[in-house]
Structures are given as C-alpha cells and as structure tokens.
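Biologist: Thanks for sitting down with me over this one. Could you put the sequence and structure up so that we can talk them through?

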Amino acid sequence: MLTQDLSGTKAAAATEPSLLFPYVLQLADTSLILAHRLSEWCGHGPILEQDLAMANIALDLLGEARSYYQYAAELEGQGRTEDDLAYLRSAVEYRNPLLVEQPNGDFAHTILRQFLFDNFHYHLLRKLKDGPDAQLAAIAEKSVKEAAYHLKWSSEWVIRLGDGTDESRKRLDKAIATLWRFAGELTTPTAAETALQEIGVLPDYATLLPEMQAHTEHVFAEANVPLPTAVFAQLGGKTGRHSEHLGYLLSELQYMQRTYPGLTW
Amino acid sequence: MVIPATSAPTEARIWQLLEEVSDPEVPVLSILDLGIVRGVAVEGDKITVTITPTYSGCPAMNTIATDIRLRLLAEGYTHLTIHNQLSPAWTTDWMSQAGREKLEAYGIAPPVDGTATGHMLNLFGKDTAVRCPICKSEHTHLVSQFGSTACKAHYQCDDCLEPFDYFKCHN
Ligand SMILES: [Zn+2]
C-alpha cells in the first residue's frame, strides 16, 4: 500500500500518544467498518445512481479511515502499519460503535443507519478540525467537506422514505425500531474519550447535541415521522463488546490478508 | 537503468516537468491544472514535491505520486520525496482557468465557483445551474450528487438530453 509521509503544514501532535492512540484507532475502525458495510451494496443498489452514491460514500470513509490508521500506527510507534491495524486484529480489538457494524438490511435500514452516523460524524468533524491536535485537525478539515455531502444525502432520503409511500414509511419505521437504540453510543464517551475531553483534545459531546438534535428534528418533521422518545442506548462496541455481526464482517474484510499474509497491490 | 541527470534541478525545471504529468482519471488535465501540487523545493540534488488529495479516498493519488516519480526519474533526478499534505484541504478554487476550459472541451462541466453544498440543512435546495458541455444549454438538472468518481456529480441536459459529468465545486 501507499507509504507516503502524511505530514501536513500543521505541526506534530503534542498530545500524549498513548492517550490518543486508542481514540484514533476508534475513529479509524468506525469509518472502515461503515465503509465496508456500504461497499456491500455495490452492484445491489435500488437504482444505479444510489448504488454509485453508496460506493462514493464508502470510498470517502475508507480514505478517511486510512488517514486515521496511518496516524494511529505513527502514535503507537511499534512498527505496525496501517494494514496491520486494519486487517490483522481480532473482533474484540475493534473499537467501532455498534451502529456501524449492523447489517445493511433493506435500503431504508441502510439510510437510517447512515443518517444517525452522518449527523454525529459531520458535527464531530466540525469541532475536530479546530481542535488542538494538528494531525486530527488536518484529517477532519479534509473529511468534513465530504461528510457534509453524506449528511445531505442521507437526510434527504430519510425525508423521501418517511414522506413517500406506505411501504417506504413502513420500512423506515422498522429501521427506527431496530437501529435507534445504537445512536446513543456515539455520544456516550468511554473512559478513554472522557480522558481526552478533560484535556481538551476532544470536544465535550454535550456541545454537539443541540445541533445534532435540531437537525434530527428538522429532518423528521419534513419526513412527517414522529421522533422516538426515551430510547435505551445500547453500548459496547467502543469498548470491544460487539454484536455477532462484526465477526462475519471481519472474516470477509480480512480474508485476503489472512490467507496471503503480507499481500500488497 | 539510471539515466544521469542532464542538468542540476531547478524549481522552474521541476514545475515544467510536473506540467507533463496528467491526472489519470481526467487525462486532459495536468496535475497543475487540477491544483494538487502545493509546492516544489529543491536543495542541491534533493527534490521535494508536495501534493494534496482532492478527496480522502481518491484512488488516483497513488498513481499520481508514481507518475511524478517516474517523470522526474526519467530526467535522472533520483533524490525525490513526495509529501502528501492534507492541510490546507484542496479546493476547486485551485483549478486553473486553462484546466476549466480543457475540462469543458473534454465533455465535463467545470466547477461553478461558490456553489459548494453550503449548509447541509439546505435540503432539496435548488441545484447549481450547470452549463451543458455538449450543446452549452443552461437547461440542465442534477441526477445525483455522486457521479462516476468522487470529484464529480451526475447531470443531464434538458435540451440535448445528454447525460454528463459535472466537476463539483469543493471549497
Ligand atoms: Zn445539452
């Protein structure tokens, strides 16, 4: 794979690498796993344009994941590469939230999963790009432009499906009933995230919530769909306690590196 | 085989050679037209070229880095470093006027400045008015924000009915 120097004009990180490493890995895993899920749609989309849209979004997220993995490898400083981190860890070592590993289901299910993620991702990147860690800020500055397109796309589709036909509405309702429980994990900090919030490297997630909530309310009002209330938040993925789905996903994702160790393009 | 350098590298000479490296996905554009070369530094016989990706996942970046290397190696310049720099993030404002004209002649509508997605709350907002690169009609509509590559959206002309790629404004 690519072995270029990733350094930008911004100076090197000043944060304690051992604190930052697990969090950067979490960001990397999150984008990688969702990119993989979206890429499963390739060739199966409901129409060609939306098939392409999902492949495009997957590619953006994969590019973002690579930048995080390269940075994580540098922070760890143990000689592991971005490929080692992406392909050669076991399921319990992955730090992605449960939401992004959930299976695609139907199109409405994929759209709602994407909407919940995009709404968090976009608002988080907007904060990270002005954050104190130079490398994270550079990656966020790059990715936030792409995340804005993603959020617009998934928001418009939530509206089309919610305000569409009886069938599309029924499917969106089913997706809400299944997936909403995984939204809370995104903004529930782990001990590792809290430690970074305390030193100001990460934004306090409470500061993201008003804008996220306002956007959700706007989209659901346009979609004529009532917002679910008082939903239980299922936690686990960010601390390595995953659903059974991740193992199956990884067996496909890691197949080439496990079968042909050290394989490169 | 290593060809000995014909002359000591100068920044001007390197820029000249980079003009000959084309974008692998839109071959009418040089990488300078595209605005992804952010700097050239020459120190003795050491050459550093700084490039920035258009989109995070752009698969052309590896090829572009290799093509730069090959073009400079062909002149005998062997001490090369290629920096991939993320910040400041690439914007279509850096695309040259010549590049925009070449794009349209190639059948891809060039970016319309100042029309980036804007605020993401502008859902179902009015599409950017993009001129058809074939018949030059302004009567066109957006088919999808996501086109054949990360940098393009998919449009169709309402007059000549031709579908075409639009190089998205990105800033
Ligand atoms: Zn036309």
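Biologist: Happy to start with one residue: is Ser155(A) buried or exposed?
Modeller: Keep in mind that this is a predicted model. Ser155(A) sits in helix H6 of chain A, which covers residues 134-162. Buried means under 20% relative accessible area. The relative accessibility of Ser155(A) is 0%, so Ser155(A) counts as buried.

Biologist: Which residue of chain B does Ser155(A) touch?
Modeller: Leave aside residues up to four places away in sequence. From chain A, Ser155(A) then touches Phe115(A), His215(A) and Val219(A). The partner from chain B is Leu123(B).

Biologist: Good to know. How far can I trust chain A, and over which residues does pLDDT stay under 50?
Modeller: The mean pLDDT of chain A is 93, and 94% of its residues reach 70 or more. There is a stretch to treat with care, for which the model has 41 contacts beyond four places in sequence. In that stretch of chain A pLDDT stays under 50, and it covers residues 1-13.

Biologist: Now to the interface. What area is buried between chain B and chain A?
Modeller: The contact takes 43 residues from chain A and 39 residues from chain B. Carbon and sulfur atoms give 60% of the buried area. The area itself is about 3500 Å².

Biologist: How many residue pairs are in polar contact across that interface?
Modeller: Salt bridges do not add to the picture here, as the count between chain B and chain A is zero. For polar contacts, both residues of a pair must be at pLDDT 80 or more. With that condition, the number of pairs found is nine.

Biologist: Which element gives the largest share of the side of chain B that touches chain A?
Modeller: Helix H3 (60-73), strand S3 (79-84) and strand S5 (140-144) of chain B each supply at least two residues of that side. The residues of this side divide into 18 nonpolar, 20 polar and one charged. The largest share is three residues, and it comes from S3(B).

Biologist: Let's turn to salt bridges. How far apart in sequence are Arg71(B) and Glu20(B)?
Modeller: Their side chains meet in a salt bridge, at 2.7 Å from N to O. Arg71(B) lies in helix H3 of chain B, while Glu20(B) is in the loop between helix H1 (11-18) and helix H2 (31-34). The pair links distant parts of the chain, 51 residues apart.

Biologist: Arg71(B) also pairs with Glu75(B). Is Glu75(B) buried or partly exposed?
Modeller: The closest N and O atoms of Glu75(B) and Arg71(B) are 3.0 Å apart. Arg71(B) has 21% relative accessibility, so Arg71(B) counts as partly exposed, and Glu20(B), at 47%, is partly exposed too. Glu75(B) is at 15%, so Glu75(B) counts as buried.

Biologist: And what about Lys136(B), buried or partly exposed?
Modeller: Lys136(B) forms a salt bridge with Glu104(B), the closest N and O atoms being 3.8 Å apart. Glu104(B) is in helix H4 of chain B, and Lys136(B) in the loop between strand S4 (108-109) and S5, 32 residues apart. Glu104(B) is buried, because its relative accessible area is 14%. Lys136(B) has 40% relative accessibility, so Lys136(B) counts as partly exposed.

Notes:
Residues are numbered from 1 along each chain as its sequence is written. Chains are lettered from A and ligands numbered from 1 in the order in which they are written. Side-chain values use heavy atoms; hydrogens and water are left out. Helices (H or I, at least four residues) and strands (E, at least two) are DSSP runs, numbered from the N terminus. Buried means under 20% relative accessible area, exposed over 50%, partly exposed in between (1.4 Å probe, protein chains only). Contact means heavy atoms within 4.5 Å. pLDDT is the predictor's confidence in each residue, from 0 to 100. Buried area is the accessible area (1.4 Å probe) that two parts lose on being put together, summed over both. A salt bridge is a side-chain nitrogen of Lys or Arg within 4 Å of a carboxyl oxygen of Asp or Glu. A polar contact is a pair of N or O atoms within 3.5 Å; within protein, one must be able to donate a hydrogen and the other to accept it, and residues adjacent in sequence count only if both atoms are side-chain atoms. Ala, Val, Leu, Ile, Met, Phe, Trp, Tyr, Cys and Pro count as nonpolar, Asp, Glu, Lys and Arg as charged, and the others, Gly among them, as polar.
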